[in-house]
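Me: I'm new to reading structures, and I'd like a close look at one single part of this one. Could you take me to a place where two helices from separate chains meet, and then show me what lies around it?

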Amino acid sequence: MKKTYFDETHCAIGHPKSTFMQWMLTIDHKRIGIMYAVVMMTFFFVAVATAFLMRLELFAPGGQFIDGDTFNQAFTLHGVIMIFLFMVPGIPAIFGNIVMPLMIGAKDVAFPRLNWFTFWLYIVGALFALSTLWTGNGFADTGWTFYAPYSLNTDTSVVMLLVAAFILGMASILTGLNFLVTIHRLRAPGMTFFKMPLFVWGIYATGWIQLLATPVVGITLILALLEKLLGIGIFDPAKGGDPVLFEHLFWIYSHPAVYLMILPAFGVMSEIIPTFSRKEVFGYRTIALSSAAIAGIGYLVWGHHLFTSGMADLAKTVFSFLTFFVAVPTGIKFYDWVATMYGGKIVLRTPMLWALGTIITFVIGGLTGVTITMIGVDIHLQDTYYTVAHFHYAMLGGVAFLMFAGMHYWFPLVTGKMYNEAKAKIAFYIIFIGFNFLWFPMLIAGYLGMPRRYFDYLPEFQIYHQVAFFGAVVFIIGITLMMYVLIQGWRKGEKVGPNPWNATTLEWHLPYSPAPLENHTKVPYVDFDPYEYKNGEPVVKFDYATMKRID
Amino acid sequence: MATNTNIDYKKEQSNYIKVLVGLLVLTAITFVQPHLFMEHSSFLAQMIIAVAKAWLIVIYYMHLKGDKLIGAMVWFTLFLVAVFFIITIAVDVTHFQFGDESYITSAEHSLAGAEVHQTSSAHE
Amino acid sequence: MAHEYVPEIATDREGNEYVVQGWQDDFYGGKLGFWLFMFTEVMMFGAMFLALTYYKTLHPEDFLTASHHLNRLLGGTNTVILLISALTMGLGLLKMRVGDVKGAKLMIYITMFLAAMFLAIKGVEWTEEYEHGIFLMHDKLLPESSFPFGEKLFYGLYFTMTGLHGFHIIIGIGLMIWLLKRINAGKVTPEHHILHWNIALYWDIVHLIWVFVFPYFYMIGANHGN
């Protein structure tokens with residue numbers, strides 16, 4: 001292919017000749033997104049393996065091959081990788097990077113060299129975190145939440161992990177900053193905020209959470225670090241500190257963090273539903289504004305993680321009250337999506353299957369969250385398997401499922417090929433069935449009193465652990481099959497054109513697939529809404545050489 | 001639009017100096033306040049003066065005057081900080097329920113308690 | 001760079017032309033990005049002020065006592081020094097914008113000098129406190145000392161926050177050195193001064209943080225009984 005201007009200038013430093021160095025130094029948002037995807041999926045499987053080890057140990061009561069301390073390290077490792085290395089970068093790092101600039105008609109993000117730097121900052125943070133498996137006194141055994149005073153007093157490698165988490169937090173902040181400026185400054189002429197695709201709204205709301213919430217946990221981790229090294233006494237009761245303050249500061253970030261994970265996922269849902277219903281989205285404005293509302297209200301509810309920690313009764317009441325509110329904009333989205341499908345011509349391809357499956361699993365996740373918003377109920381269910389099942393239904397059955405949906409939806413955009421549809425559907429069903437066998441019993445076990453983070457338990461809980469183990473095996477077979485289908489699709493799949501789904505948003509209006517390095521040949525003038533369909537067909541058509549409308 | 005070449009140097013410079021004088025005056029007030037007014041609500045007085053200084057700095061030194069977009073973002077960020085403060089301080093810790101039983105607020109570890117401690121006989 | 005950046009034009013159906021904002025050469029975008037970064041600093045120091053207020057609520061008397069013992073003369077001098085340095089930094093930016101590059105550089109040098117003075121005085125202050133037995137991991141702030149919790153927490157947060165603030169001053173000096181190098185290399189000019197603008201903003205936020213740190217630590221106990 002002819003070398004273009006962008007081939008020459010798309011690196012952070014110099015003009016490397018080798019393809020490998022071109023990728024290592026690339027400032028192109030699409031390539032950076034692909035690198036994030038490869039690294040993150042690898043970490044995902046490592047964390048799944050850690051979880052499988054725990055499920056194996058928990059198959060029967062009593063210790064089999066892991067002792068209590070190692071078990072603590074295992075769930076800490078699982079949590080740290082899943083949250084800091086996978087879920088927080090999440091959909092923004094992959095699809096925010098690859099797709100968002102295309103959707104707004106931009107040539108790249110606002111600060112492409114910063115984007116490159118941020119990727120490598122993430123890698124450094126990840127390496128720091130994983131290095132603690134082999135250095136120091138062993139991986140941290142505090143849980144991913146690092147609660148004081150235990151995290152201050154344990155001699156496992158907490159210091160290095162705190163540094164790693166801080167670095168990873170910086171990467172998240174810089175990604176949010178980059179995307180916020182991109183969306184404010186680089187939209188194509190004519191594209192007002194209310195003509196942006198809903199995925200961009202999701203990324204925008206997420207950017208505000210990444211930017212404003214992450215520094216709070218950043219400084220909390222620094223303070224914990226300084227406390228360990230210099231003995232300030234800020235969180236350690238032996239020196240007058242209050243562990244509840246640590247929990248406040250930690251969750252002021254970590255609760256908005258879960259909205260940072262789900263908002264881009266909801267954005268993916270908002271793209272898939274209209275495309276596969278062949279119909280304009282119902283309630284565009286309410287879905288867009290609900291993203292902002294979720295981000296905003298999400299900042300106010302962190303105390304529901306502290307119901308059993310010793311807050312004032314007034315605080316508990318206020319937090320419970322506020323938490324109920326955040327379910328409302330989420331509910332609005334779900335009603336809008338169902339209304340979009342009503343009267344549409346449903347095309348049941350794999351991305352749509354994932355979207356529909358997620359509606360089921362996330363609703364379970366969301367509703368179980370509302371049950372533990374009730375303080376009295378939470379006193380009983382806090383720190384039991386009910387809570388664990390709740391957040392896995394929401395995070396795995398919400399965020400991760402929609403990430404998989406996005407992987408299937410934008411697959412042709414990135415690779416120029418299509419995966420095997422029948423096998424992809426089978427993988428979905430296996431994963432969905434395995435997922436529910438894995439997590440539903442835990443809702444029951446938790447209700448009956450099975451505590452979380454315990455490596456041993458009373459014999460009456462064994463049946464639930466066994467069913468969950470069966471579910472875990474099926475789930476892992478499913479995700480392995482899914483990855484196989486996607487990788488085979490990339491290697492040997494059938495070539496497809498730039499818009500195989502016949503969708504309406506700008507990322508599909510490219511001259512060929514995979515997407516050209518310089519994005520759109522010419523930036524179009526946007527005088528249309530993002531989801532204009534008439535009788536199941538897109539209204540807006542382009543001449544791809546000039547990017548002028550020809551409808 | 002890298003630069004605005006029609007800058008009135010004299011006017012801008014005089015604005016900077018005026019703000020400097022304002023900040024110096026407010027700093028002087030900071031020093032005399034504890035002895036002159038609101039002596040019993042010193043904390044509140046000091047924070048009000050600090051907010052006034054901050055406002056001058058943000059509007060003039062940081063050139064925020066007239067910038068609607070960034071101005072709105074500043075308000076949102078400050079609002080968020082205020083909310084965190086109000087909930088954590090005014091709603092939670094101000095109503096700390098365990099003052100009597102908690103080790104971290106126990107009498108022997110606060111100043112009043114230390115004085116009692118020192119005047120009592122045997123202990124270190 | 002091999003090629004000059006030329007903005008694209010987008011045309012609508014009536015034939016009207018619109019200039020496309022690219023990521024290159026976006027002054028407002030550069031400003032916006034730096035303001036967003038400053039919000040993260042506000043959240044970071046805001047969280048520390050939150051911790052400080054939390055403990056002040058639990059130990060009001062101890063906090064006033066500890067505040068009373070800080071050196072208001074040295075702290076106040078530093079306040080005025082930082083104030084003047086904010087002026088010199090701002091004047092430096094103004095001179096750059098109107099084309100007086102030599103004057104701009106002089107102002108940056110003066111700002112750096114004032115910043116160094118701030119750090120030196122802070123060093124004197126901390127040494128004095130050390131000699132009174134008040135310093136991290138030292139004498140009165142050790143876990144086994146009978147110093148009241150409230151005062152230990154006050155001083156612990158005092159050293160942490162003024163320490164982190166001082167760290168930001170050191171970074172600021174580093175940024176100013178870098179700025180001078182870029183000016184000398186002709187990369188920062190009156191036509192292209194976003195870097196200078198943002199570093200001046202950075203210095204303003206460092207000053208802003210001190211505007212709240214100083215009264216909170218030094219002044220609240222100024223008229224306290226002891």
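Reply: The crossing of H10(A) and H1(C) is right-handed, and in this predicted model it makes a good place to begin. The two helices pack with their axes 8 Å apart, at an angle of about 45 degrees. An angle of about 45 degrees falls in neither the parallel nor the perpendicular range, so H10(A) and H1(C) count as oblique to each other.

Now look at the residues that do the touching. On the side of H10(A) you will find A:Leu211, A:Leu212, A:Pro215, A:Val216, A:Gly218, A:Ile219 and A:Thr220. Facing them from H1(C) are C:Leu36, C:Phe39, C:Thr40, C:Met43, C:Met44, C:Ala47 and C:Met48. Sorted by class, the residues of this contact come to 11 nonpolar, 3 polar and no charged.

Let's stay on H1(C) for a moment, which covers residues 27–58 of chain C. C:Glu41 also has its place in this helix. Is C:Glu41 buried, exposed or partly exposed? With 16 other C-beta atoms within 10 Å, C:Glu41 is partly exposed; a residue needs 20 or more to count as buried, and 12 or fewer to count as exposed. Although C:Glu41 and C:Ile205 are 164 residues apart along the chain, their C-alpha atoms are separated by 8.3 Å.

Next, step back to the whole contact between these two chains. Chain A brings 44 residues to it and chain C brings 36. On the side of chain A, four helices each supply at least two residues: H1 (5–9), H9 (158–185), H10 (198–230) and H11 (243–277). H10(A), the helix we began with, gives the largest share of that side, 9 residues. By class, the side of chain A that touches chain C has 27 nonpolar, 9 polar and 8 charged residues.

H11 of chain A is also the helix that holds A:Pro243. A:Pro243 is partly exposed, with 19 other C-beta atoms within 10 Å. Setting aside its neighbours within four places in sequence, A:Pro243 is in contact with A:Tyr147, A:Ala148, A:Pro149, A:Phe235 and A:Pro237. A:Tyr150 is 93 residues from A:Pro243 in sequence, and the C-alpha atoms of the two are 9.7 Å apart in space.

Chain C touches chain B as well. There, 45 residues of chain B are in contact with 48 residues of chain C. The helices of chain B that each supply at least two residues to this side are H1 (9–36), H2 (42–61), H3 (68–92) and H4 (111–119). H1(B) gives the largest share, 12 residues. The side of chain B that touches chain C is made up of 29 nonpolar, 13 polar and 3 charged residues.

What does chain C look like as a whole? Chain C has 6 helices and 4 strands, and from the N terminus on they run β-β-α-α-α-α-β-β-α-α. The radius of gyration of chain C is 23 Å, well over the 17 Å that the globule rule gives for 226 residues, so chain C is more spread out than a compact globule. Along its principal axes, the C-alpha trace of chain C spans about 80 × 45 × 30 Å. Of its 226 residues, 48% count as buried. Taking the contacts in chain C between residues at least 6 apart in sequence, 69% join residues at least 24 apart.

Chain C also offers a helix pair to set beside the one we began with. H3(C), residues 72–98, and H4(C), residues 101–131, have axes that come within 8 Å and cross at roughly 165 degrees. H3(C) and H4(C) are therefore roughly antiparallel to each other, and their crossing is left-handed. The residues of this contact divide into 18 nonpolar, 7 polar and 3 charged.

Finally, here is chain A, the other partner of our starting pair. Chain A contains 19 helices and 6 strands. A compact globule of 551 residues would have a radius of gyration near 24 Å, and the 23 Å of chain A agrees with that. The C-alpha atoms of chain A fill a box of roughly 70 × 55 × 45 Å along the principal axes. Buried residues make up 57% of chain A. Among its contacts between residues at least 6 apart in sequence, 82% join residues at least 24 apart.

Terms used
Residues are numbered from 1 along each chain as its sequence is written. Chains are lettered from A and ligands numbered from 1 in the order in which they are written. This is a predicted model: local features need pLDDT of at least 70, side-chain atom pairs count only at pLDDT 80 or more; totals for chains, interfaces and linings use all residues. The radius of gyration is taken over C-alpha atoms; the globule rule is 2.2 Å times the number of residues to the power 0.38. Two residues are in contact if their C-beta atoms, placed from the backbone, lie within 7 Å. Ala, Val, Leu, Ile, Met, Phe, Trp, Tyr, Cys and Pro count as nonpolar, Asp, Glu, Lys and Arg as charged, and the others, Gly among them, as polar. Axes are lines fitted to C-alpha atoms, for helices over the stretch in contact, and angles run from 0 to 180 degrees between N-to-C directions. Angles under 35 degrees count as roughly parallel, over 145 as roughly antiparallel, 65 to 115 as roughly perpendicular and the rest as oblique. A crossing is left-handed if the near helix is turned anticlockwise from the far one by less than a right angle, and right-handed if clockwise.
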